[in-house]
Amino acid sequence: MAPPAQSQRSPSPSQPSGKSELSDLKLQLRKFAGSRAPGVDDSKRELFKKVISYMTIGIDVSSLFGEMVMCSATSDIVLKKMCYLYVGNYAKVNPDLALLTINFLQRDCHDQDPMIRGLALRSLCSLRVANLVEYLVGPLGSGLKDSNSYVRMVAVIGVLKLYHISASTCIDADFPSMLKHLMLNDSDTQVVANCLSALQEIWSAEASRSEEAPREREALISKPVIYYLLNRIKEFSEWAQCLVLELITKYVPSDSSEIFDIMNLLEDRLQHANGAVVLATVKVFLQLTLSMTDVHQQVYERIKAPLLTLVSSGSPEQSYAVLSHLHLLVMRAPYVFSSDYKHFYCQYNEPSYVKRLKLEMLTAVANESNTYEIVTELCEYAANVDIPIARESIRAVGKIALQQYDVNAIVDRLLQFLEMDKDYVTADALVLVKDLLRKYPQWSHDCIAVVGNISSKNVQEPKAKAALIWMLGEYSQDMQDAPYILESLIENWDEEHSAEVRLHLLTAVMKCFFKRPPETQSALGAALAAGVADFHQDVHDRALFYHRILRYNVSVAERVVNPPKQAVSVFADTQSSEIKDRIFEEFNSLSVLYQKPSYMFIDKEHRGPPEFADELGNLSIGEAEDNVVPSQRVEENDKDLLLTTAEKEETRGSTGHSQQASFGIDDLLGLGMPAVPDAPPSPPQLKLNAKAALDPSTFQQKWRQLPVALSQELSLSPQAIAALTAPQALLRHMQSHSIHCIASGGQSPNFKFFFFAQKYKESSNYLVECIINTSSAKAQVKIKADDQSTSQAFSTLFESALSKFGIP
Amino acid sequence: MPVAASAIYFLNLRGDVLVNRLYRDDVGGNMVDAFRMHIMQTKELGTCPVRHIGGCSFFYMRISNVYIVIVVSSNANVACAFKFVVEAVALFKSYFGGSFDEDAIRNNFVLIYELLDEIMDFGYPQNLSPEMLKLYITQEGVRSPFSSKPSDKPVPNATLQVTDSYEVLPFGMPDLKLGLNDKIGLEKESQLKSRPAKSGKTIELDDVTFHQCVNLTRFNSEKTVSFVPPDGEFELMKYRITEGVNLPFRVLPTIKELGRTRMEVNVKVKSVFGAKMFALGVVIKIPVPKQTAKTSFQVTSGRAKYQASIDCLVWKIRKFPGQTEPTLSAEVELISTMAEKKSWTRPPIQMEFQVPMFTASGLRVRFLKVWEKSGYNTVEWVRYITKAGSYEIRC
């Protein structure tokens with residue numbers, strides 16, 4: 001109901017006159033309060049309606065509480081209902097006044113009319129005032145035994161409400177066992193269903209507190225209860241059926257004949273008009289047969305038709321909910337759906353959230369027999385007005401190319417995309433051609449001819465630019481003017497904002513140098529010089545590393561930077577199978593739509609501070625998909641660059657103490673390395689502000705803006721690993737060292753944290769990204785700082801704080 | 001738990017709360033502000049109907065000029081929640097006389113409060129069936145002045161309308177049985193009566209769903225649809241067919257771009273159903289570029305005009321006989337734009353129509369039996385009609 005806060009948000013322009021209207025209403029209500037004259041009810045109805053309408057638009061009418069209660073002494077049900085509504089809305093904020101209503105509500109609980117009994121009981125339980133719970137127990141007890149099912153239905157939910165106001169009162173009054181009795185014996189199925197909802201909620205909440213709760217929870221999914229519910233399932237309302245079906249998914253049948261019995265009994269539910277019932281049934285079928293491989297396959301075949309029907313009926317929102325589930329199944333068993341690919345074709349007017357899922361499904365079900373048609377269809381979408389969808393379609397074509405053996409026709413199409421002369425199409429096609437070449441190097445000849453014609457000026461997006469540069473480096477042998485294109489790119493080094501592009505540029509120019517040294521030498525020199533001077537840590541380190549390895553031995557450098565490559569056979573999956581299974585277990589819930597297990601978005605402890613949680617993933621520079629298992633990104637980079645190990649060593653070395661030394665060595669290539677300022681002398685002891693505060697959006701903004709000041713890998717002690725069962729443990733520990741956490745996430749073995757700290761009595765901030773892998777006992781730390789000069793000191797502090805973790 | 005909705009909000013397009021109900025205390029009262037800030041006032045609106053903000057999930061739907069938002073804090077069953085909203089809106093509509101919009105809500109807020117109390121308790125869906133609710137709802141819906149009240153006079157007949165769905169208009173509580181020419185049904189019947197299946201076209205249905213009132217067990221054993229219809233018009237069954245669908249029309253478009261400022265559009269529509277039948281209300285929408293300046297038409301049947309608001313040439317043919325092929329030829333002049341030429345991504349041609357006495361699926365009603373205990377005569381009607389759902393032709 002309209003929270004009173006509403007009025008503050010949008011102060012009604014008629015507020016002053018509203019006040020006088022309120023006192024007017026008050027007077028009129030008083031006038032009618034004791035009156036029993038005929039026709040007075042009609043006038044009261046009008047008045048009540050007015051009050052409710054004020055309440056709805058957010059005007060605070062709580063000052064009328066007394067008068068409303070006085071007027072409630074009526075037999076008119078319409079008035080009563082409006083009065084209950086009013087009382088329910090304001091009781092919580094006026095607990096003292098709520099006491100006034102108890103009397104008449106309790107009286108109404110004994111009314112002759114079952115509807116009034118039910119309504120009064122519902123309102124009584126909805127007051128949500130903790131010190132009034134003693135008045136609830138009596139009416140609830142008699143409500144549960146009422147002869148009318150409406151009253152019982154309300155009473156059952158009332159018990160649940162009572163539990164949420166005061167759990168102990170509810171348990172002490174022995175209501176749960178009464179609910180259990182009702183659940184197994186009541187003639188009205190809505191009462192039964194409400195009992196089930198209430199008991200499930202009560203026992204899961206009690207699980208940690210009482211010993212009997214787990215036992216009671218088990219009892220709910222015991223054979224007698226399940227069979228009892230199954231036998232009555234057709235009497236239940238469609239909503240209650242969903243509830244019962246969900247419960248059945250938790251039941252473990254003793255043998256396979258039992259499984260078949262249940263499935264036979266429920267098979268007709270797949271024809272139900274309510275999609276939610278169908279989906280709940282699908283879940284039962286999938287869960288029951290999980291251990292029976294062949295039957296599980298047959299289940300897929302059986303549930304396919306109803307799901308496809310559901311997808312194409314109802315509103316886009318409903319369709320989306322079902323489609324997400326179908327998407328999950330398609331990803332698990334694409335071959336089952338490969339002949340149904342036409343169902344996943346996009347319609348022009350469908351919302352993009354539906355189209356996006358469909359595109360992924362089309363990609364997944366593509367096989368030898370349908371590829372041609374699917375790719376033809378996808379190419380139609382590439383000209384779509386909705387640019388994001390057009391791009392997704394192009395990517396889908398690329399993905400299909402990567403998963404098929406016969407890529408002949410697809411490559412031609414991709415190359416056609418390159419010639420379409422739309423920037424975004426070119427950009428995506430470039431990335432795809434790059435991936436394609438990594439997997440099928442034999443296509444290089446055809447692709448390079450086309451890629452060579454693309455002017456690098458038309459490619460602006462970092463990913464596409466990086467892909468183009470990669471190809472320039474990799475195939476510089478075959479591309480006539482590769483060194484010169486690279487050279488012109490290096491000339492514009494300072495205008496290149498993306499670190500990824502600059503990194504690729506470094507590597508590409510190296511590769512080019514090994515193949516065509518005379519033409520590239522000067523470009524390489526310029527690139528290394530620019531790279532070493534770069535403010536971005538990774539670029540700087542890579543340039544430095546290249547420089548050193550070149551000085552050490554050019555042929556070793558070639559072996560490291562440009563070894564003969566093996567074609568990539570499988571690209572890294574973005575989600576671990578463990579997580580996928582978790583999501584599958586939580587079929588028919590939000591997990592499927594969010595594509596993450598529920599603990600990632602439900603448990604308070606995993607969420608981090610609210611509002612920030614969903615941005616956590618995006619924070620980690622660039623790649624949005626890597627928030628689940630960060631280590632995979634590293635793997636990808638490995639393949640990409642084949643450098644990481646060497647690089648890491650380098651990184652670690654240079655961040656420590658040897659920074660100065662590295663610059664002292666003569667320039668082997670005679671390229672004239674610019675002088676780099678010495679590392680700052682060890683700064684004075686740093687003191688942190690214990691009560692630092694930083695709001696998430698500022699953090700994000702800073703994280704984006706600031707360059708990485710330090711990046712290192714720390715080892716963790718075994719005690720620390722043992723202590724790190726959940727992210728909170730570390731949070732508390734770091735807090736005691738004045739390092740505060742702003743967001744955290746992940747699960748064993750990978751945890752990810754974002755910390756911040758503030759310099760004592762200054763507003764200079766330090767931001768830290770810390771990725772901990774408990775199985776390797778390593779922490780990867782990236783530090784960014786407002787004041788770069790003190791980042792080393794902060795790093796030392798952070799390291800020592802981390803090293804004390806787990807040691808009592 | 002299927003849905004434990006913490007709150008439900010009805011907002012207008014500006015984000016003002018029309019009606020709301022907080023069922024649970026596990027979400028704050030500022031949830032609607034979060035919705036406004038993070039969804040309504042951003043580009044995110046319409047990008048996904050399910051969003052996670054600040055630890056709560058928001059499911060939202062727009063129906064006419066109203067947003068309906070459900071807030072949950074648990075891992076809820078989304079399909080169930082959306083279905084609930086759809087059903088609730090249908091229920092409201094039946095009370096408001098068919099319309100559901102901001103005005104209808106403002107006029108009926110007390111009724112909505114009453115309904116919201118009955119159809120959901122503490123976030124769990126309760127009773128949504130109109131018959132049950134009649135017992136508990138005191139308010140009458142305020143209908144908008146333009147819609148007439150339907151007559152409540154008893155009409156003892158049953159009209160069965162075969163579209164891509166079935167509707168039944170019965171009276172009383174008769175027991176009905178329906179036989180179709182679908183493959184499984186016929187096979188089952190010939191099996192039961194141990195005589196060979198009659199020759200003739202049988203239709204293979206990919207999938208069927210039924211209204212709650214249909215006895216599903218009986219359908220599975222006997223393959224006939226038997227049911228006791230509820231009051232009012234309802235959708236009895238829905239089926240899906242992919243193979244052997246007879247489309248009533250064939251559309252042959254040719255669109256030529258002549259230079260930068262002219263286009264030539266030729267569309268021929270062939271009706272491929274029987275010559276004695278005719279389609280009604282045929283509307284063909286042919287998209288043209290935004291910078292269309294002038295159009296001229298020639299049509300052999302119906303009327304055509306350029307509708308700038310939807311960037312389409314709209315060609316209407318009120319009565320379209322079978323086995324004919326009217327054509328439209330149009331010349332479109334475009335304003336030459338100074339800006340870089342944006343290539344036009346030809347959206348598909350859309351078509352609306354109704355063809356009475358025609359079923360695209362070929363499904364026929366073989367019999368409709370009515371058992372009525374009270375003894376009055378029933379008149380059974382079967383009406384076939386094919387309506388275009390989403391009928392699009394790429395050009």
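How many of the residues of H17(A) are buried? In this predicted model, 14 of its 14 residues are buried, and H17(A) is mostly covered. The helix runs over residues 275-288 of chain A. Its 14 residues should span 20 Å at 1.5 Å a residue. The C-alpha atoms at its ends are 20 Å apart, which agrees with that expectation. A polar contact marks the start of H17(A). There, a side-chain oxygen of Asn274(A) comes to within 2.8 Å of the backbone nitrogen of Ala276(A).

Helix H15 of chain A, residues 238-248, is also described by its burial. Of its 11 residues, 11 are buried, so the helix is largely enclosed by the rest of the structure. The buried set includes Trp239(A), Cys242(A), Leu243(A), Val244(A) and Ile248(A). Glu238(A), Gln241(A) and Glu246(A) are among the buried residues too.

A third helix of chain A, H19, covers residues 316-332 and holds Ala321(A). Ala321(A) has a relative accessibility of 0% and therefore counts as buried, the limit being under 20%. Its contacts involve both chains. Leu593(A) is touched on chain A, and Val78(B), Ala79(B) and Phe82(B) on chain B, leaving aside residues up to four places away in sequence. Ala321(A) and Gln477(A) are 156 residues apart along the chain. Their C-alpha atoms are separated by 51 Å.

Chain B has 395 residues, of which 50% count as buried. Its secondary structure comes to 7 helices and 24 strands. Contacts between residues at least 6 apart in sequence were examined for this chain. Of these, 67% join residues at least 24 apart.

The largest nonpolar core contains 281 residues. Val61(A), Tyr86(A) and Leu326(A) are among the residues with the most contacts inside it, as are Phe10(B), Phe59(B) and Phe100(B). Helix H2 of chain B, residues 78-96, supplies the largest share of this core, with 13 residues. Phe100(B) touches Phe10(B), Ile63(B), Ser64(B), Val66(B) and Ile68(B). Val89(B), Phe92(B), Lys93(B) and Ile105(B) are touched as well, again without residues up to four places away in sequence.

Aromatic pairs number 30 over all chains. One of them joins Phe96(B) and Phe100(B). The pair is stacked, with 6.4 Å centre to centre and 5 degrees between the planes. Phe96(B) is buried at a relative accessible area of 0%. Phe100(B), at 4% relative accessibility, counts as buried too. A second pair, Phe273(B) and Phe358(B), is tilted. Its ring centres lie 5.9 Å apart, and its planes meet at 55 degrees. Phe273(B) lies in the loop between strand E15 (262-271) and strand E16 (278-287) of chain B. Phe358(B) lies in the loop between strand E21 (349-356) and strand E22 (365-371) of chain B. The pair therefore ties together parts that are 85 residues apart in sequence. Phe273(B) and Phe358(B) are both buried. They belong to one aromatic cluster with Phe249(B), Phe320(B), Phe353(B) and Tyr391(B).

Lysine side chains also meet aromatic rings. Lys319(B) lies over the face of Phe278(B), at 4.3 Å from the ring centre. On chain A, Lys355(A) lies over the face of Tyr348(A), at 5.9 Å from the ring centre.

A polar contact links the two chains at His52(B). The side chain of His52(B) reaches the backbone oxygen of Phe601(A) at 3.3 Å. His52(B) lies in strand E3, residues 50-53 of chain B. At 12% relative accessibility, His52(B) counts as buried.

Backbone geometry adds two further sites. Most residues other than glycine have a negative phi. Asp174(A) is not a glycine, yet it has a positive phi of about 60 degrees. It lies in the loop between helix H10 (167-172) and helix H11 (175-185) of chain A. With a relative accessibility of 45%, Asp174(A) counts as partly exposed. Met357(B), also not a glycine, has a positive phi of about 65 degrees. Met357(B) lies in the loop between E21 and E22 of chain B. Phe358(B) of the tilted pair lies in the loop between these strands as well.

Technical notes. Residues are numbered from 1 along each chain as its sequence is written. Chains are lettered from A and ligands numbered from 1 in the order in which they are written. This is a predicted model: local features need pLDDT of at least 70, side-chain atom pairs count only at pLDDT 80 or more; totals for chains, interfaces and linings use all residues. Side-chain values use heavy atoms; hydrogens and water are left out. Rings of Phe, Tyr and Trp (its six-membered ring) pair if their centres lie within 6.5 Å; planes under 30 degrees apart count as stacked, over 60 as edge-to-face and the rest as tilted. Buried means under 20% relative accessible area, exposed over 50%, partly exposed in between (1.4 Å probe, protein chains only). Helices (H or I, at least four residues) and strands (E, at least two) are DSSP runs, numbered from the N terminus. A charge sits over a ring if NZ of Lys or CZ of Arg is within 6 Å of the ring centre and within 35 degrees of the ring normal. A nonpolar core is a set of buried Ala, Val, Leu, Ile, Met, Phe, Trp, Tyr and Cys residues joined through side-chain atoms within 4.5 Å. Contact means heavy atoms within 4.5 Å. The expected span of a helix is 1.5 Å times one less than its number of residues. A polar contact is a pair of N or O atoms within 3.5 Å; within protein, one must be able to donate a hydrogen and the other to accept it, and residues adjacent in sequence count only if both atoms are side-chain atoms.
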